[in-house]
Amino acid sequence: MVEHLWIVDIIAREAFLFAGVGLLIGGLDDLLVDLVFIGRSIWCRRTVRPCLRDLPAPLVRAPLAIFVPAWDEVAVIGAMLATAVARFEHEDYRIYVGAYPNDRATIDAAAAAAACDPRITVVIGDHDGPTTKADCLNTLWHALRRSDAEAGRRTKAIVLHDAEDVVHPLELRVFDSLIDRYAVVQLPILPLVKRGARLVSGHYADEFAEAHMKQLVVRTAVGAAMPLAGTGCAISTAVLETVAHARGGDPFDATSLTEDYELGLRIAELGGRGRLAWIGDGTSDGIGGQITVRAFFPSTLDTAMRQKARWMTGIALAGWDRTGWARPLAFTDHWMRMRDRRAPFGILVLATAYFALLAWGLALLLHWQMPEARSAIQTPASWLLIVNTALLVWRLGGRMFFTARGYGLREACWSIPRFVVGNYIGLIAAPRALIRYVAILRGAPPIWDKTRHEFPDPGSLARA
């Protein structure tokens, strides 16, 4: 047994080195983003975040269209539509709800809401569901084009929302003002934290707070393309027409699992400018006074895993094949796309790190029981542990900072255990993502692998 202990030592050492180098690369990449953010914050420290009253008046007066794709959304679609029409403070908009002929329950729920308000139109596609979210959006696009042609009007912009979203009353006024000057406008997304599922649902709050308060801010600051979140965004009709013309009539790619991400990159390649719109509603100076989109995200491990697997498949795996790299010499776009696609490698490094910890612990335990055995576990790269620990502490501190800004100190404290939960979800989502990607490579059609949604109760709405 003693003569074979060196094998355990070598496995522990090599796993430690691989994971350590991988974590170092990822940690330095994240640190660079943080440094850019800090530098931008210092440079713009005197800039006051605008309020709605500071925005210019719309240059063009024209209607807005809200697209709400819905597959198996009977649990939320009625409440979402009723809440939206009650909340929106805008004089000219229409809501188009996309449904499937084999989803009678969702059709009936949406039709009941439409019967109460003429601004809601239910559009039933030609094919049974589920297809892809992009396919449903294309159905809504063609319905809007027919409606505009019959009425002799031209819709100004398309606003995308999910069936579980809690809309902000003033968001359409923001879109109406800014879409004249930008090809696409994205509102921040701040997920709601569900009571009783704080660890799983709350880890989305941590991730989106950091993504929309830091990462997208950095992304736009360095001139890289801004991917869309798929909800809470407005796209110029003229830009969608250009994209649709290039694709044979459909602006959304029906073969994509993450059409929102790809559309944002495509619009940037066409020269369209995007804006992440942090706009105050005038009620307070904090995050609570910002015009954002709120929603419950998955609150169980299984549903969170399925959603993360779809994102990983669509962005990091299939998305890499589909979108490639940015135009030549666009360093910042290359950098950001590389960050988008590092998830599979990051999961491999993370899994190796956990394995290294177990192997290292096993080796130490065996050497403690057999002190006569010479240890090969000592490594000249022990500095990796110190540097990576420092980078981890820095990252956790940053996560707490942004969560505190969006949700308060209590949720910021919860962000530490949720960091571990998020890692676990990523680990169990990775095999599913890889299996789906291989299936797509072998010709399997992409389908809408959605999760069950929940709409907030009246008490939660009052706080949203």
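In which loop does Pro 130 lie? In this predicted model, Pro 130 is found in the loop between S3 and helix H4 (133-151). The peptide bond that leads from Gly 129 to Pro 130 is cis, with omega near 0°. Strand S3 itself covers residues 120-124, and its place in the fold is described below.

The strands form an open sheet of seven, in the order S3-S2-S1-S4-S6-S5-S7, and the pairing is mixed. S3 and strand S7 (274-276) are the edge strands, each of them pairing on one side only. On average, neighbouring strands of the sheet are turned by 20° against each other, direction ignored.

Parallel pairing is seen at the S3 end of this order. Strand S1 (residues 64-69) is joined to S2 in the parallel sense over six bridges, and within this pair Phe 67 stands opposite Tyr 96 in S2. S2 also runs parallel to S3, to which five bridges join it; here Ala 99 is the residue opposite Ile 124 in S3. The antiparallel sense occurs between strand S5 (residues 184-186) and strand S6 (residues 233-236), which pair over three bridges. Gln 186 stands opposite Cys 233 in S6.

Strand S2 comprises residues 93-99 and is mostly covered, with seven of its seven residues buried. In a regular strand, side chains alternate between the two faces of the sheet. In S2, Tyr 93, Ile 95, Val 97 and Ala 99 point one way, while Arg 94, Tyr 96 and Gly 98 point the other way. Both sets are buried, and the residues that face the two ways include Arg 94 as well as Ile 95 and Val 97. Two of the residues named above as standing opposite a partner also belong to S2: Tyr 96, opposite Phe 67, and Ala 99, opposite Ile 124.

Helices connect these parallel strands. S1, helix H2 (residues 77-87) and S2 make up a β-α-β unit that is right-handed. From S2 the chain then crosses through helix H3 (residues 104-116) to S3, and this β-α-β crossover is likewise right-handed. The two connecting helices pack against each other, H2 and H3 meeting at an angle of about 20° with their axes 8 Å apart. An angle under 35 degrees counts as roughly parallel, so H2 is roughly parallel to H3. The crossing in which H2 passes H3 is right-handed.

Within helix H2 lies Thr 83. Its relative accessibility is 14%, and the residue therefore counts as buried, the cut-off for this class being under 20%. A polar atom of the Thr 83 side chain lies 2.7 Å from the backbone oxygen of Ala 79.

The loop between S1 and H2 contains Asp 72. This residue has a positive phi of about 55°, although it is not a glycine. Because its relative accessibility is 26%, Asp 72 counts as partly exposed; this class lies between the limits of 20% and 50%. Asp 72 thus belongs to the connection leading from S1 to H2, whereas Thr 83 is part of H2 itself.

Key
Residues are numbered from 1 along each chain as its sequence is written. This is a predicted model: local features need pLDDT of at least 70, side-chain atom pairs count only at pLDDT 80 or more; totals for chains, interfaces and linings use all residues. Side-chain values use heavy atoms; hydrogens and water are left out. Buried means under 20% relative accessible area, exposed over 50%, partly exposed in between (1.4 Å probe, protein chains only). Helices (H or I, at least four residues) and strands (E, at least two) are DSSP runs, numbered from the N terminus. Two strands pair if DSSP finds at least two bridges between them. A crossover is right-handed if, with the strands pointing away from the viewer, the path from the first strand over the helix to the second runs clockwise. Axes are lines fitted to C-alpha atoms, for helices over the stretch in contact, and angles run from 0 to 180 degrees between N-to-C directions. A polar contact is a pair of N or O atoms within 3.5 Å; within protein, one must be able to donate a hydrogen and the other to accept it, and residues adjacent in sequence count only if both atoms are side-chain atoms. Angles under 35 degrees count as roughly parallel, over 145 as roughly antiparallel, 65 to 115 as roughly perpendicular and the rest as oblique. A crossing is left-handed if the near helix is turned anticlockwise from the far one by less than a right angle, and right-handed if clockwise.
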